[in-house]
Amino acid sequence: MDQIVIFDTTLRDGEQSPGCSMNLKEKIEVAHRLERLKVDIIEAGFAISSPGDFESVKTIAGTVKDCAVASLARANAKDIDTAWEAVREAVSPRIHLFLATSPLHMEYKLKMTPEQVLEATAAMTRHAKKYCSDVEFSAEDATRSDWDFLVKVVDTAIRAGATTVNIPDTVGYTTPSEMRDLIVYLRENVPDSDKAVFSVHCHDDLGLATANSLAGVLGGARQIECTINGLGERAGNTALEEVIMAMHTRPGLYPYFTRIDTTQISRASKTVYNIIGQTAPLNKPIVGRNAFAHESGIHQHGVLANKQTYEIMTPEALGIQTNNIVLGKHSGKHAVEERLHELGYSLTKEELLACFAEFKDLCDKKKEITDDDLGAIAEHCIRSEEDVELKGYKLNWFSMHTSNFTTATCTISLEKDGEKFEDVCLGDGPIDAAFNAIDRIVQPAEHTFDIYNIHSVSQGKDTLGDVTVKLVSGGRTYTGKGLSTDVMEASIIAYITAVNKLCAATEKKES
Ligand code: KIV
Ligand code: ZN
């Protein structure tokens, strides 16, 4: 069987899309998840794009041991030098350079002739090769390029030392049969095609990214570029979980193997969603809440008789345990730990203690604690470790007044280093009033909201509200999370946490 190399670009193509930005700590957490999932290559960022990206690529390169680490670079010497600086400490570094090859991109974006593109392909691939034996060349917008010109570009890249040649469907334009034919055409017409791994990188503008990637593999591609949950520019990239489970479920059609540990998929998906403050659409393939739910009587009857009637894969294969023991206020630490373990969490002693305390708190407000509640508590505790160390403002109490015929007000009491601060503000709604009051007390540096997101962890009106606030200031993102059955409280805690981080960064800069 042939191996399909899994190149994950959640931290580059995924992270660069709107609403998906992550800070350094969050990127490192995702990188660890990807390592446990056993992807082959982590594209950790685009090193030259910002000092923050450079720092995170470098840190991930120095941390990750079991995957290659790549940085993206445009086809120019400065980008490539910076990419190399960022990945050079990795156990297996890769430089990934790209240059557009479609008539549209060459004429209007690059303002280069096809001959100039061929020259730059040769010169810049050679430049990358001086640093690194593992060089990937991407022909951006390949699927809208002239096929014979693409043959020349790929041939040039391979001759100059590229070990992987990537054929991106940058704008999600191609179809499965066309993608397959293109890969076959390139492999048959590029003289040294056997000297490099062919790769596909598909965007999902027409909802065809997974199908196109799999078709590329049938045409001879041996690397798939993808992201967790399909994050990525516009409609996103190929979802890792979809291509992996398609190959896993239909080995007769796809007789290939990957290193991926499928039992890590659910956990990786949840971590990424939690970090970006989103949840999976209910019907999202593989990772949506309804992916294994059977509502209609006919389906339920079938599944009870034999799961395979309506299930083509098992939740267990994705690391989802389906035992139905319900936890509640009589459950002890042991039972909580055991359940967390089954859900894929191996927590430190401190994280476990924090989880158990939050679990007990929740038991006072809610009779039955679901796996979703427990997972949200675990994610919250893991992510709050840094917040505990942060010396900043803490919420004492708040009082809100809101109605549909008056302006909302919030009075808030915060505490810092034993000193108490109170203020009251009006707002367009209770949250706006609360955030205004916090701003009046804390006076954080100028910032904008990247995200203010509330989602309910489970069904029912007593559900936990999971709030994510992401503030952007000076090109950096500051994240705060809040988890409570009271969404006002969760929002206030999330905002205070984000503001504390922003203040700590401002103080550090000033000192
Ligand atoms: O979509 C694309 O073409 C890319 C390249 C940079 C590989 O993301
Ligand atoms: Zn892309």
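What follows looks at the overall build of the protein chain and then at its zinc site. The model is a predicted one.

Starting with overall dimensions, the C-alpha trace of the protein chain covers about 70 × 65 × 45 Å along its principal axes. The radius of gyration comes out at 25 Å, which agrees with the value near 24 Å that a compact globule of 511 residues would have. On the burial side, 55% of the 511 residues count as buried. The accessible surface adds up to about 22900 Å², and carbon and sulfur atoms hold 53% of that.

As for the fold, the protein chain carries 17 helices and 16 strands. Taking contacts with a separation of 6 or more, 66% are between residues 24 or more positions apart. The domain assignment splits the chain into four pieces: domain 1 runs over 2-276, domain 2 over 288-315, domain 3 over 323-387 and domain 4 over 391-510. Measuring between centres over C-alpha atoms, domain 2 and domain 4 sit 41 Å apart.

Now for the metal. The zinc ion (ligand 2) has Asp13 (OD), His201 (NE2) and His203 (NE2) as its protein donors, at 2.0 to 2.1 Å. Along the chain, these donors fit the spacing D-x187-H-x1-H. Are the two histidines buried or exposed? His201 counts as buried because its relative accessibility is 4%, under the 20% cut-off. His203 is likewise buried, with a relative accessibility of 4%.

Note on methods:
Residues numbered from 1 in each chain as written. Chains lettered and ligands numbered in written order. Predicted model: local features only at pLDDT ≥ 70, side-chain atom pairs only at ≥ 80, totals over all residues. Heavy atoms only, no water. Domains from an automatic or database assignment. Donors = N, O, S within 2.8 Å, 3.2 Å for Na, K, Ca; no water. Buried < 20%, exposed > 50% of the residue type's maximum accessible area, 1.4 Å probe, protein only. Helix = DSSP H or I, 4+ residues; strand = E, 2+ residues; numbered from the N terminus. Rg over C-alpha atoms; globule rule 2.2 N^0.38 Å. Contact = heavy atoms within 4.5 Å. Areas by Shrake-Rupley, 256 points an atom, 1.4 Å probe, with all protein chains shown as cover.
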